[in-house]
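Follow the strands and see how they pair. Then look at what lies across them.

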Amino acid sequence: PAVMLDAADRALRLEHPDVFVTAWVAVVDLTTSSLSYASAGHPPALLCSQSGAVRSLSDRALPLGMRQSCHEKATTIALIDGSTLVLYTDGLSEATRDVLTGEALVRAAATTAAQAPWGRLAGAIRRDVLDTTASSDDVAILVVRFDFSEVEQHVQRLAFDVRDVDAARRARRLLLATLTKRRFPPMEKLNAELV
């Protein structure tokens with residue numbers, strides 16, 4: 001994530017030297033149940049557990065266009081099964097014109113959403129925060145729930161000695177059969193096979 005933000009910062013400063021934007025980038029690793037993230041001045045993502053604990057994911061870095069190639073580092077955290085990640089733009093938290101109040105409203109709405117059954121959680125957060133006011137800025141909300149037990153039902157793990165040519169062929173055939181069954185385009189199947 002930090003490398004992606006650094007590249008975006010350099011490109012933005014070259015193409016639009018007087019512009020700055022915020023961003024938040026994460027990579028989820030389903031194998032290790034972890035999340036690596038980096039921020040560029042964006043409101044902090046909220047990681048909520050089913051028990052109601054909320055963790056702000058922010059590194060207080062400068063927005064893109066102002067960083068001067070800071071080479072920030074990414075942060076990696078463990079994800080807990082059933083946790084919920086809430087990302088939002090500042091149009092949501094600044095709608096009340098009081099950032100601290102807005103962030104408290106977002107945090108409370110995210111906590112409620114994390115404990116609710118899955119379904120239209122972004123809309124519920126929007127309603128909870130903007131119930132009595134409208135935002136003059138854009139509002140975007142993304143909610144991700146991590147259900148690792150559900151993921152495991154769809155994962156097939158293979159282990160073999162890389163020197164065993166027959167085992168490698170069987171793994172390749174199984175991979176291609178799975179991708180074909182799931183209707184992956186031919187070029188994507190070829191790329192996956194090469195990897």
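Two strands count as paired if DSSP finds at least two bridges between them. Strands (E, at least two residues) and helices (H or I, at least four) are DSSP runs, numbered from the N terminus. This is a predicted model: local features need pLDDT of at least 70, and side-chain atom pairs count only at pLDDT 80 or more. Residues are numbered from 1 along each chain as its sequence is written.

Start with strand 1 (residues 23-29). Seven bridges pair strand 1 with strand 2 in the antiparallel sense. Val 28 stands opposite Leu 35 of strand 2. Four residues separate the strands in this hairpin, and Ser 33 takes a positive phi near 55 degrees. Strand 2 also runs antiparallel to strand 5 (residues 75-78), joined by four bridges. There, Leu 35 has Ile 77 as its bridge partner.

How many residues of strand 2 (residues 34-40) are buried, meaning under 20% relative accessible area with a 1.4 Å probe, protein chains only? Seven of the seven are, so strand 2 is largely enclosed by the rest of the structure. Leu 35, Tyr 37 and Ser 39 point one way; Ser 34, Ser 36, Ala 38 and Ala 40 point the other. In a regular strand the side chains alternate between the two faces of the sheet.

Now the open sheet. Its four strands have the order 4-3-6-7, with antiparallel pairing. Strand 4 (54-57) and strand 7 (141-145) are the edges, each pairing on one side only. Strand 3 (residues 45-48) and strand 6 (residues 84-88) share three bridges. Leu 46 has Val 86 in strand 6 as its bridge partner.

Terms used: Heavy atoms only, no water. Buried < 20%, exposed > 50% of the residue type's maximum accessible area, 1.4 Å probe, protein only.
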